[in-house]
Amino acid sequence: MAVTIKSEQEIQLMRDAGKILAEVHERLAEIIAPGITTWDIDRKGEEMIREAGCIPSFKGYQGYPASICVSINDEVVHGIPNKDHRLFEGDIVSLDAGVIYQGYQSDAARTHGVGKVDPESQRLMDVTKESFFRGIEYARPGNHLYQVSAAIQRFVEKNGYSVVRALVGHGIGREMHEEPQIPNYKPMIRRGIRLRPGMTLAIEPMVNAGKYEVWMLEDDWTVVTRDGTRSAHYENTVLITEGDPEILSLL
Ligand code: MF3
Ligand code: CO
């Protein structure tokens, strides 16, 4: 399927979906504390998503068993919530969630510190978030997609970290994963599609403190850094407009 351009009506539904998801993230941030389990986070997240009249898009997606991906420390993405997995003071935890509202999807991720975290972990989270904003400065009509990718990579590497290459962002709309794929690094050849108003994109830098290589755990979901260093994730669903990009999943 080709890249879709959303109508004004579809965009309004994606705004609604994004706003709900942004609120879910804000409220999940408030419960992050030492002692809670990753299971608690998933239960609370799914409850809020359903109360808002949405469907949790991750649940059952290719067999994924939960509504919120919860990834701690060296876990990059797709950690599976577990009753026995507790957060400890000093951990960093990435929460990735997706909702479907009246047929339209939104996808967003945040990384939080648990209690007081060491300055280097804080810097990793800050650089990851900032790299998203550096990237979307290029998310304008007429620009090529990989200008966004290159800006993310530049900022991350300038700060001494690496961008994960095995996983990418994506177009989003009626489906969670639509074209195009959105790498967080500049591919060697090609410039990427030309951006146009009405495109909706999930842009999601995943940043490792060490090297960019990742492994998959035995559960066939959890992606971890190969070198055991910590990793952070920050994602929003973004609309390309005639002017500045509109971040749909942020209040
Ligand atoms: N947010 C993820 C993405 O952007 C999707 C999570 S995978 C799932 O691809 F299985 F949990 F849905
Ligand atoms: Co995504």
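A polar contact, as the term is used on this tour, is a pair of N or O atoms within 3.5 Å of each other. Keep in mind throughout that the structure in your viewer is a predicted model.

**Stop one: ligand 1 and its contacts**

Begin by selecting Asp-107 together with ligand 1, where a polar side-chain atom of Asp-107 lies 2.9 Å from an oxygen atom of the ligand; because that distance falls within 3.5 Å, the pair counts as a polar contact. Add His-170 to the selection, and you will find one of its polar side-chain atoms 2.8 Å from an oxygen atom of ligand 1. Asp-96 can be added next, although here the partner is a nitrogen atom of ligand 1, which lies 2.8 Å from a polar side-chain atom of Asp-96. Taken alone, ligand 1 exposes 330 Å², and the protein buries 95% of that.

Now widen the selection to the 13 residues around ligand 1, of which Asp-96, Asp-107, His-170, His-177 and Glu-204 come nearest. If you colour this shell by class, it shows six nonpolar, three polar and four charged residues.

**Stop two: the largest pocket**

Hide the ligand for a moment and look at the space where it was, for ligand 1 sits in the largest pocket. This pocket holds about 350 Å³ of space. Its lining is made of 20 residues, and those to select for its centre are Tyr-61, His-78, Met-176, His-177 and Trp-221, which are the closest to it. Coloured by class, the lining of the largest pocket divides into eleven nonpolar, five polar and four charged residues.

**Stop three: the second largest pocket**

Turn next to the second largest pocket, whose volume is about 190 Å³. To outline it, select its lining residues, including Arg-110, Thr-111, His-112 and Gly-113, as well as His-233, Tyr-234 and Leu-250. Two elements, β5 (104–113) and α3 (119–136), each give two or more residues to this lining, and the largest share, five residues, comes from α3. By class, the lining of the second largest pocket has three nonpolar, six polar and three charged residues.

**Stop four: two details of the backbone**

Select Glu-179 and Pro-180 and show the backbone between them, where the peptide bond is cis, with omega near 0 degrees. Pro-180 has its place in strand β8, which covers residues 178–182.

Finish at Gln-62, which is not a glycine and yet has a positive phi of about 50 degrees. To find Gln-62, follow the chain from β1 (55–56) towards β2 (68–72), since the residue has its place in the loop between these two strands.

Technical notes
Residues numbered from 1 in each chain as written. Chains lettered and ligands numbered in written order. Predicted model: local features only at pLDDT ≥ 70, side-chain atom pairs only at ≥ 80, totals over all residues. Heavy atoms only, no water. Near = heavy atom within 4 Å. Polar contact = N/O pair within 3.5 Å; in protein donor to acceptor, adjacent residues only side chain to side chain. Areas by Shrake-Rupley, 256 points an atom, 1.4 Å probe, with all protein chains shown as cover. 1 Å grid on protein atoms, 1.4 Å probe; cavity = no way out; pocket = protein on both sides within 12 Å on 5 of 7 lines; lining within 4 Å. Sits in = over half its atoms within 2 Å of the grid points. Nonpolar A, V, L, I, M, F, W, Y, C, P; charged D, E, K, R; others polar. Points joined across faces, edges and corners; volume = space filled by probe spheres on them. Helix = DSSP H or I, 4+ residues; strand = E, 2+ residues; numbered from the N terminus.
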